[in-house]
Amino acid sequence: MDFNPKKKTSNFVLLAIAFAIVSLILWNTNSFFKKFKEEERLKMEIWATAQSELLQYSEDMDMGNLTIKVLQNNTSTPMILMNKDGSIKTNNIPKEKVEDSLYVQRNIRKFESENTPISIDQQGEHLATLYYGNSEMLNKLKYYPIALLLIIFLFGAVIFFFFKTNKASEQNKLWAGMAKETAHQIGTPLSSLLGWNELLKAEKINPEITKEIQKDISRLETITERFSKIGSLPELKEVDIVKETKEAYDYLKLRSSKLIHFSFNTKVEKLPVLLNHALYNWTIENLVKNGIDAMKGKGSIAIDIIPAGRYVNILIADTGSGIPKSNHKTIFNPGVTTKKRGWGLGLSLVKRIVEEYHKGKIKVLSSGKEGTIMQISLKVKT
C-alpha cells in the first residue's frame, strides 16, 4: 500500500497529461482525416464535371487540354462510373476484376457506404452516377489512430510490467533484509539461552527438562538458519526424503494439540533427494500448520510419500473446510490469506522454496468440504 499522497498526486498528473496528449493526437488525426476526405470529395466532383463535359463532347467541339488532364490525373481513387444506359466504366481497379460483375456490384455497394455517389447531370438530364471509394492514403490514415492506440497500449504495458517487476524486486530485497536482520536479532538471546541451559545441566537439574529446552533451542537455531537463507541461494545436499519428512512430522506432532490425529505413510523406506534441510522442514511446517488452522485445531493430518518415476510426491492432507476452487491458483500469491491474522506470506514462501530453490512443483491436488490435499513434487536423485 502506498501511503505517500505526493507520489499518488504526481502519478495522477502524469496519467492526465498522457491522456491529454493521446486525445490531442487522436483529435488532430481525426480532423486531418475529415479535411483530407473533403479535399478528395472536391477532387472527385471536379473529375465528375470533366466527365460530364466528355459525355457531351462531339467531334466538332474543342474539348481542351484541361478536361483531358483532369480525367487522366486521378490515379489513386478507385471509382466506378455507371452511365444512364447501364454501361460501366472503372478506374484504378485491377483489370482482371473488371470482368467480374459480382465484384463490381460489391464494390458499388462498398463505395456507396464510404462516400455519397456523385450524380453527373447536364442541363437537367441525368448522364451517369459516379461511385468512388477511399484512396489508399485515406485508408491508411483511417487505421492510423488504431495503430497509434495499439502502440501506446503496448508501450504502457511495457512500462507497467517494468515498474511492477522493479517494485517486486524492491519488495523481495526488503523482505530478505528484514529476514536476515531477524536472524541476526535472534542470534543474541539464543547464545544466552545456550549458556543458561549449560548452567542448568551443571546444577544437575532434571535431565528431561534440559533435554526439552535443548530441543527448543535447536528449533530456534533452525528458524534462525531459515531466515538467514532468505534472499540467497541455499545449499542443497543429498538426503533421505522419508527421514527428513518424518523428522519434521514428529516435531510438529509432539507440539500440537491432542485433538489432532497425525498419520504418516510411505510406500518406500528410503529415497534420495537434493534438499536444504532447514527450508524443506519450513515447508512441511507451513503446510501442516495451515491444515491445523483450517480444521480449527481439531481433525486429522495425513502425510503420504509416493514415488512417481523420476519424482516423489509428498501429500499433506487435512480434514479442514477446504479452499474455494477460484483460489487454487492465487493462494500462493504474496498477501493472499483467508486468516483474520497473518500477512499471507506462508504459502508464497513455500512455493518459492519448492519451485525456485528445489526446482520442484507444488499445487492444490484437491480441496472440498472433506478437506484439502496439497502435493509437493521433487526430483529424485539418480
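This text goes from the whole chain to one helix and then to one serine. The model is predicted.

The chain has 382 residues, and buried residues make up 32% of them. Its secondary structure consists of 9 helices and 11 strands. Among contacts in the chain with a separation of 6 or more, 67% join residues that are 24 or more positions apart. The surface that the chain exposes comes to about 25,000 Å², and carbon and sulfur atoms supply 60% of that area.

Helix 8 covers residues 277-294. A length check can be made on it. At 1.5 Å a residue, its 18 residues should span 26 Å, and the C-alpha atoms at its ends are 26 Å apart, so the two values agree. Where does helix 8 sit with respect to the rest of the structure? Of its 18 residues, 13 are buried, so helix 8 is largely enclosed by the rest of the structure. After helix 8 comes Lys296, which has a positive phi, near 60 degrees.

Ser256 belongs to the loop between helix 7 (241-254) and strand 6 (260-266). Is Ser256 buried or exposed? The relative accessible area of Ser256 is 18%. Buried means under 20%, so Ser256 counts as buried. A polar atom of the Ser256 side chain lies 2.5 Å from the backbone oxygen of Leu252. Leaving aside residues up to four places away in sequence, Ser256 touches Phe262 and Ile292. Phe262 falls within the range of strand 6 (260-266), and Ile292 within that of helix 8 (residues 277-294).

Methods
Residues numbered from 1 in each chain as written. Predicted model: local features only at pLDDT ≥ 70, side-chain atom pairs only at ≥ 80, totals over all residues. Heavy atoms only, no water. Helix = DSSP H or I, 4+ residues; strand = E, 2+ residues; numbered from the N terminus. Buried < 20%, exposed > 50% of the residue type's maximum accessible area, 1.4 Å probe, protein only. Polar contact = N/O pair within 3.5 Å; in protein donor to acceptor, adjacent residues only side chain to side chain. Contact = heavy atoms within 4.5 Å. Areas by Shrake-Rupley, 256 points an atom, 1.4 Å probe, with all protein chains shown as cover. Expected span 1.5 Å × (residues − 1).
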